[in-house]
Amino acid sequence: MARTETASGDVALAPVACAVGFFMLLAAFAHLDRVPGWADDYGAILVYLAFFLYMSLAGRLTWWGVDILYARMKTGRPGR
């Protein structure tokens, strides 16, 4: 169920969520070459599951912020 109204707290956190999620994604892409080594050291299932969870969190955080900001701009209401 999609919300049509955004709370002011959501709007205040949206830029932070976008920035944190974006930097998490950048960090993951910067360290992609280390993942096979970690898989050898700690086990492939554990490392790739952790990588999947990390990327899911980073992507969802980024898109949540983008969705809130887009909805705010679409309604034409200025931010605080």
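Ala, Val, Leu, Ile, Met, Phe, Trp, Tyr, Cys and Pro are counted here as nonpolar, Asp, Glu, Lys and Arg as charged, and the others, Gly among them, as polar. The structure is a predicted model, in which local features need pLDDT of at least 70 and side-chain atom pairs count only at pLDDT 80 or more, whereas totals for chains, interfaces and linings use all residues. Residues are numbered from 1 along each chain as its sequence is written, and side-chain values use heavy atoms, with hydrogens and water left out.

The chain contains three helices and zero strands (DSSP runs numbered from the N terminus, with H or I over at least four residues for helices and E over at least two for strands). Of its 80 residues, 25% count as buried, that is, under 20% relative accessible area with a 1.4 Å probe and protein chains only.

Helix 2 and helix 3 pack at an angle of about 135°, with their axes 7 Å apart; axes are lines fitted to C-alpha atoms over the stretch in contact, and angles run from 0 to 180 degrees between N-to-C directions. Helix 2 is therefore oblique to helix 3, a class left for angles outside the ranges under 35 degrees (roughly parallel), over 145 (roughly antiparallel) and 65 to 115 (roughly perpendicular). The contact (heavy atoms within 4.5 Å) involves V35, P36, W38, A39 and Y42 of helix 2 and A44, L46, V47, Y48 and F51 of helix 3, and these residues divide into 10 nonpolar, no polar and no charged.

How values were computed. Buried < 20%, exposed > 50% of the residue type's maximum accessible area, 1.4 Å probe, protein only.
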